[in-house]
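Subject: Handover of a structure and notes on it

Dear colleague,

Please find below the structure that I am handing over to you. My notes follow it.

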Amino acid sequence: MDKKHILIVDDDPAILRLLSTNLKARGYEIFTATDGEESLEAVQRDFIDLIILDLMMPKVDGVEVCRRVREWSDVPIIILSARGDENDKVKCLELGADDYLTKPFGIAELMARIKTAFRHRGDPSVAPAQATFSCDGLEINFAKRRVTVNGKEVTLTPTEFALLQHLAVNADKVLTHNMLLQSVWGNEYSSEKEYLRVFVGRLRRKLEPDPKNPKYIQTIPGVGYHIATSTASIA
Amino acid sequence: MKSEEKILVVDDDRDFLDIIRKILEKKGFKISAAPSASDALSMLKKHFYNAAILDISLPDADGTELLSNILELHPEIITIMLTGHSSVKNAVQSLNRGAFAYLEKPVDPENLISVINRGMEKQRLVLENRQLVNELERHNHVTNTLLSVSQAVAETLDLQKIIDSALQKVAECTGVEASFVFLRYKDRLKFMGHHGLPQKIIKDIPKEVSAISGIFSNLIEQSGPIIAEDLVKADEPDLKFIKKAGYRSFAGVPLTILGENIGVLGIATDFNQIFSPNNLDLLTGIGREIAIAVRNAQLYEEASSARALRELDAMRTAFLANVSHELRTPLAVIKGSANSLLQPDVIFDEQTRRDFLLSIDKDADTLARLVDDLLMISRLEANALEVKKKKHRLSDVISAIKDRLDNLTVKHHFHINIPKELPLTNIDEGRIGEVLTNLVENAVKFSEDDTNIYIDATHEDDGITISVTDEGIGIVPELHQRIFERFFQGDGRKAGRRKGTGLGLAICQGIIEAHGGKIWVESIPGKGAKFSFSLPLD
């Protein structure tokens with residue numbers, strides 16, 4: 001299998017060195033950028049499979065990089081920032097980042113998160129047995145990773161797709177916050193409830209005709225979410 | 001009313017006088033009689049008469065002459081000339097001089113009454129008219145005064161300026177000799193300013209008085225004016241300073257806004273003044289204008305200090321966020337490097353392991369330095385920076401740090417030009433060494449290898465100025481102030497270089513200011529920067 005390309009964006013040379021050494025040792029091909037502008041060029045040039053992105057950088061900052069990349073690419077983005085503020089985290093996730101890790105961090109934790117991101121990207125082993133799902137205008141083709149609403153194609157990031165897939169496969173079952181976080185992200189995410197809130201929000205904005213009164217993904221307050229449908233059919 | 005209308009009859013004919021008196025008294029007029037022109041004039045000087053009936057030929061004067069004298073004294077008096085048949089010509093002349101009418105003797109009583117009634121009617125109209133004009137003028141004066149006070153106080157939101165210009169206007173518009181203002185702060189009234197009080201008693205003015213007892217507290221508690229028309233007799237402790245200044249009368253009004261009395265406006269005059277209700281109304285109006293302006297200024301002050309507090313709070317939050325960020329970055333390297341060495345899934349080669357250890361070592365130093373810098377900043381903030389000043393030669397200060405500077409500038413061309421005749425300077429050698437090291441470090445960080453870095457010094461009468469000059473990227477003018485702010489980070493350090501703490505220049509500034517000096521930068525972007533600081537000789 002070809003080596004996965006990871007772009008590390010950080011203006012601190014010591015952090016770049018630390019991450020490069022660790023990721024190379026684990027078989028990844030590493031590209032680096034020290035500011036936002038450089039990173040945007042690299043994403044377009046180097047067939048990047050995943051970005052590890054610092055927030056506070058000269059020229060174009062990490063938040064802006066995240067926003068601009070999401071305009072045309074669904075490449076997984078893991079934010080690695082010294083800013084531990086909850087607002088920063090939610091803001092980045094809402095802009096389309098897949099994950100958020102605060103400095104200082106453990107190497108094993110970072111590696112686990114990279115793996116989660118790649119898993120969302122479409123590991124065939126996690127594809128469900130059934131081929132399609134359909135419910136009141138929402139159609140999902142699991143094998144092709146294709147989603148349409150009333151015949152119109154919707155582009156989802158890998159993490160968004162993974163969450164939708166899990167909800168669809170378990171349609172009409174209530175999935176608790178913990179169950180969703182552990183199944184879609186991994187065991188170490190069970191306390192990251194805001195991830196779920198942000199990603200459900202992202203999905204609703206893309207799928208629902210009226211995101212404030214969702215008809216596909218329903219909230220069970222204090223418990224979790226489900227796709228409830230009598231007309232849903234899994235072929 | 002007729003009963004109050006007084007008529008002076010001037011005639012030397014006693015019988016005639018009696019007849020006239022009888023006729024007119026029957027109609028309710030009050031009659032006085034004068035047998036001669038001189039008697040008439042002396043009576044007119046003492047009393048007011050609505051009308052005078054004058055015989056045209058008097059023993060001591062000509063009636064027309066007396067007419068002129070009377071009209072000069074009282075232009076509004078109604079004058080009726082009595083003439084004999086032969087003197088009609090004189091009577092016409094009298095009309096030209098301002099007499100209201102003339103009657104021929106013997107007088108027809110009905111005719112006399114009718115003429116007098118017409119005269120009185122005319123006089124009433126004239127007097128009413130005059131009263132209206134006076135009233136209008138007074139209103140005009142009040143309006144102009146209030147407008148002028150309100151304009152003067154509306155020009156500023158500075159409390160002291162408002163009070164000063166209001167008092168200036170009070171003096172201009174009312175002509176009072178002295179005026180002053182106290183403002184209420186809880187249960188005290190604080191003296192805020194005066195106009196016209198003599199210099200010699202300024203020290204006697206109480207800085208504040210009670211708002212609960214005393215004459216000023218009465219003003220605060222009630223809504224109307226208070227007057228003391230004879231201060232010599234009055235025994236008011238709060239008014240002692242006015243009395244001492246030699247003033248005889250005092251009037252005070254509360255400064256009222258929205259039903260609340262927020263202070264006192266007082267005026268004092270040199271003579272025993274009778275303050276008329278009109279005067280006091282005007283003063284009360286002025287008090288209201290001042291109160292509006294004072295309250296506006298107080299609200300503005302409150303809003304400004306709330307804004308300042310919010311800004312301070314935002315700065316603190318930003319400071320904490322910055323500290324957190326600056327601590328976490330080297331900490332991430334230390335933890336990440338140590339953590340890498342502990343991972344069971346990868347065995348790193350000897351060189352890589354050594355690199356991790358070097359990173360830990362280096363960033364532990366970075367952290368230690370950051371902690372030092374933060375301590376220094378907090379000392380500066382608390383004004384607790386100790387500067388142990390002694391007489392030193394600048395060349396000695398530089399010698400002490402020469403090795404460190406040489407190490408820093410090893411890839412640059414480093415020049416030190418300190419004139420030999422530079423006088424001894426009273427400085428903390430260690431702290432000034434820190435400033436120079438910091439400036440040289442910055443010069444290295446922001447300029448290419450193989451370029452020049454200079455330390456120069458010049459000597460003026462009152463101090464010395466030391467500069468560190470580089471040929472690096474320079475600093476745009478809009479950042480010349482901001483670079484001295486805490487945590488400000490300039491872009492453009494050379495590739496692969498670590499960020500500083502963003503505290504260096506803020507610390508330099510603190511140290512130099514603690515020496516009584518100044519620090520500044522001159523720079524042309526792209527050509528280099530020259531950081532200079534001045535130090536006083538003693």
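Across which strands of chain B does helix α11 lie, and at about what angle does it run to β13(B)? Helix α11 (residues 394-408) of chain B lies across β13, β15 and β16 (463-470) of chain B, and its direction is at about 170 degrees to that of β13(B). Helices (H or I, at least four residues) and strands (E, at least two) are DSSP runs numbered from the N terminus; axes are lines fitted to C-alpha atoms, for helices over the stretch in contact (heavy atoms within 4.5 Å), with angles from 0 to 180 degrees between N-to-C directions.

This is a predicted model, in which local features need pLDDT of at least 70 and side-chain atom pairs count only at pLDDT 80 or more, whereas totals for chains, interfaces and linings use all residues. Residues are numbered from 1 along each chain as its sequence is written, chains are lettered from A and ligands numbered from 1 in the order in which they are written, and side-chain values use heavy atoms, with hydrogens and water left out.

The strands under α11(B) belong to an open sheet of five with mixed pairing, in the order β13-β15-β16-β18-β17 (chain B). Strands count as paired if DSSP finds at least two bridges between them. The edges are formed by β13 (413-417) and β17 (518-524) of chain B; each has a single partner strand, so one side of each lacks a neighbour in the sheet. From one strand to the next the twist averages 15 degrees. β13(B) runs parallel to β15 (residues 452-459) of chain B, with five bridges between them, and F414(B) is opposite I453(B) there.

Elsewhere in chain B, eight of the nine residues of β10 (residues 249-257) are buried, that is, under 20% relative accessible area with a 1.4 Å probe, protein chains only (exposed is over 50%, partly exposed in between). β10(B) is antiparallel to β9 (residues 226-228) of chain B through three bridges, and to β11 (residues 260-269) of chain B through nine. Two residues separate β10(B) from β11(B) in their hairpin, where L258(B) has a positive phi near 50 degrees.

Between the chains, 22 residues of chain A contact 27 of chain B. One salt bridge is counted there: R26(A) with D345(B), at 2.8 Å, N to O (the criterion is a side-chain nitrogen of Lys or Arg within 4 Å of a carboxyl oxygen of Asp or Glu). On the side of chain A that touches chain B, α1 (13-25) and α5 (107-120) of chain A each give two or more residues, and α1(A) gives the most, with eight.

Yours sincerely
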